[in-house]
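Here is a friendly walk through the fold, meant to be read with the viewer open. It goes through the sheets, then the helices, then a few side chains.

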Amino acid sequence: MATNSLVQKTADILDIQDIEEARAIVSKYARVTPLIQSMFLSRNVAHGDVFLKLENMQLTGSFKFRGANNKINHLSDEEKARGVIAASAGNHAQGVALTSKLMGIKSTIVMPDEAPQMKRDATRGYGAEVDIHGATFDDAHKWMFERAEKEGLTVVDPFNDKYVMAGQGTIGLEILDKIWNVDTVIVPVGGGGMISGIATALKSFNPSIHVIGVQSENVHGMKASVDAGKITFHHDDFTLADGTDVSTPGDKTFPIVQNLVDEIILVNEDEIATAMKDLMQRTKICVEGAGALPTAAIESGKIDKKWLENKKTVALVSGGNVDLQKVSSIIDHFFSPVDTKGGIG
């Protein structure tokens, strides 16, 4: 495999061997998700070959199962016996809860007030105790550590952990298995666990693969941190992309993103909603806001054409755990009858 100095800079945090090991573990439980071409995005928007990596079809409906599963499989018997605790807006929650159920481990999930009800219900359905705490993910994340210390629970962090990042990095290996000569890969970014793993896998194979992160204008702690050259907080408002609603990146994910991710693009809430609508209507894919971020970046025209035109591009559909009420509101927004004043009714 090809290597370069940038990959070597972050090898002490995460390397390709960690990801290969994760694949051997996670493959016993997780699905190899489909990689399909979107003719709509390919012909009408990008003018190249755009493929969608459908992690919305992963167990629990999200890529998060991979990282949670790899991390919990690396715990000692003593750590498992104490029970695990995680903080999540919903997808990591379900990955931890299902893995814990499969392995007979007690799990507690701290979720913020903004966590969608369907994600709360699904997490409870997998057998976890759900602790609603704080207005935002960052509030829940802080309480996770406090409660873990008080009760002696084992923390399964949603992104700032080598084994979690390695689990998410198995997506990169699956992309290379299908399209070894991929040019551009576009990934949603919250705390940075998924893009850290995927970028490490891709750049270890071919440093010239262009890796693009996408965040919401409303919440982009990682983009703000990269721009500032240090870990920085950013949270202006809530976002449709609740799965990436992380205001502050981790000290492990930040240097990997800083070194291996070529650029991070911001999209607004209307662009996220449009991408959700188009993925559902044009490609028949059930997608949550975070999973629509790469498509939003493509459709918005914010990605330089040289990374899309006549290129092989993979856009991550990271999850499909969308509240039906949210789907209904998006449908109403785009498809309600036009009122007598010419607006959207």
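How many bridges join strand β3 to strand β4, and do they run parallel or antiparallel? Four bridges join β3 (residues 84–87) to β4 (residues 107–111), and the two strands run parallel. One place to look is Ala86, whose bridge partner in β4 is Ile109. Please keep in mind that this is a predicted model.

**The four-stranded sheet**

β3 and β4 belong to an open sheet of four strands, ordered β5-β4-β3-β6, with parallel pairing. The edges are taken by β5 (129–132) and β6, each with a single partner strand, so one side of each has no neighbour in the sheet. Helix α8 lies across β3, β4, β5 and β6, and its direction makes an angle of about 160° with β3.

**The six-stranded sheet**

The other sheet to trace is also open, with six strands in the order β1-β2-β10-β7-β8-β9 and mixed pairing. Here β1 (35–37) and β9 (263–267) stand at the edges; each has a single partner strand, so one side of each is left without a neighbour in the sheet. On average, neighbouring strands of this sheet are turned by 25° against each other, direction ignored.

As a reminder, strands of a sheet pair through backbone hydrogen bonds, either parallel or antiparallel. The table lists pairings from this sheet, with an example of facing residues for each.

| Strand pair | Bridges | Direction | Facing residues |
|---|---|---|---|
| β1 and β2 (residues 49–54) | three bridges | antiparallel | Gln37 and Phe51 |
| β2 and β10 (residues 312–317) | six bridges | parallel | Phe51 and Val314 |
| β7 (residues 184–188) and β8 (residues 210–216) | five bridges | parallel | Ile186 and Ile212 |

Phe51 is a handy landmark in β2: Gln37 stands opposite Phe51, and Val314 in β10 is the bridge partner of Phe51. Is β2 itself largely enclosed or left open? Five of the six residues of β2 are buried, so this strand is largely enclosed by the rest of the structure.

Strand β7 is mostly covered, with five of its five residues buried. Thr184, Ile186 and Pro188 point one way from β7, while Val185 and Val187 point the other way, and all are buried.

**Helices around α2**

Two packed helices are described by the angle between their axes and the distance between the axes. Helix α2 (residues 16–26) gives two examples to work through.

Take α4 (residues 64–73) to begin with. The axes of α2 and α4 come within 10 Å and cross at roughly 90°. Angles of 65 to 115 degrees count as roughly perpendicular, and α2 and α4 are therefore roughly perpendicular to each other. Ala22, Ile25 and Val26 from α2 meet Arg66, Asn69, Asn70 and Asn73 from α4.

Now turn to α9. Helices α2 and α9 pack at an angle of about 80°, with their axes 8 Å apart. That makes α2 roughly perpendicular to α9. On the α2 side the contacts involve Ile16, Asp18, Ile19, Glu20, Ala22 and Arg23. Their counterparts in α9 include Lys162, Ala166, Gly167, Gly169 and Thr170, and also Leu173, Glu174 and Asp177. Ala22 is worth a click, since this residue is listed in the contacts with α4 and in the contacts with α9.

**Aromatic side chains**

The count of aromatic pairs comes to one. Why is the pair of Phe137 and Phe159 called tilted? Their ring centres are 6.1 Å apart and their planes stand at 45°, so the pair is tilted; planes under 30 degrees apart would count as stacked and those over 60 as edge-to-face. The pair links distant parts of the chain, 22 residues apart: Phe137 sits in helix α8 (residues 137–151), and Phe159 in the loop between β6 (154–155) and α9 (162–178). Both Phe137 and Phe159 are buried.

There is also a charge over a ring to look at: Lys277 lies over the face of Phe334, at 5.1 Å from the ring centre.

Lastly, visit Phe254 in helix α12 (residues 253–260). Is Phe254 buried or exposed? Phe254 is buried, with a relative accessible area of 7%. Setting aside neighbours within four places in sequence, Phe254 is in contact with Met222, Ser225, Val226, Gly229, Lys230 and Ile231. Gly301, by contrast, is 47 residues from Phe254 in sequence and 26 Å from Phe254 in space, C-alpha to C-alpha.

Key:
Residues numbered from 1 in each chain as written. Predicted model: local features only at pLDDT ≥ 70, side-chain atom pairs only at ≥ 80, totals over all residues. Heavy atoms only, no water. Pairing = 2+ DSSP bridges. Axes fitted to C-alpha atoms, helices over the stretch in contact; angles between N-to-C directions. Phe/Tyr/Trp six-rings, centres within 6.5 Å; stacked < 30°, edge-to-face > 60°. Buried < 20%, exposed > 50% of the residue type's maximum accessible area, 1.4 Å probe, protein only. Lys NZ or Arg CZ within 6 Å of the ring centre and 35° of its normal. Parallel < 35°, antiparallel > 145°, perpendicular 65-115°, else oblique. Contact = heavy atoms within 4.5 Å.
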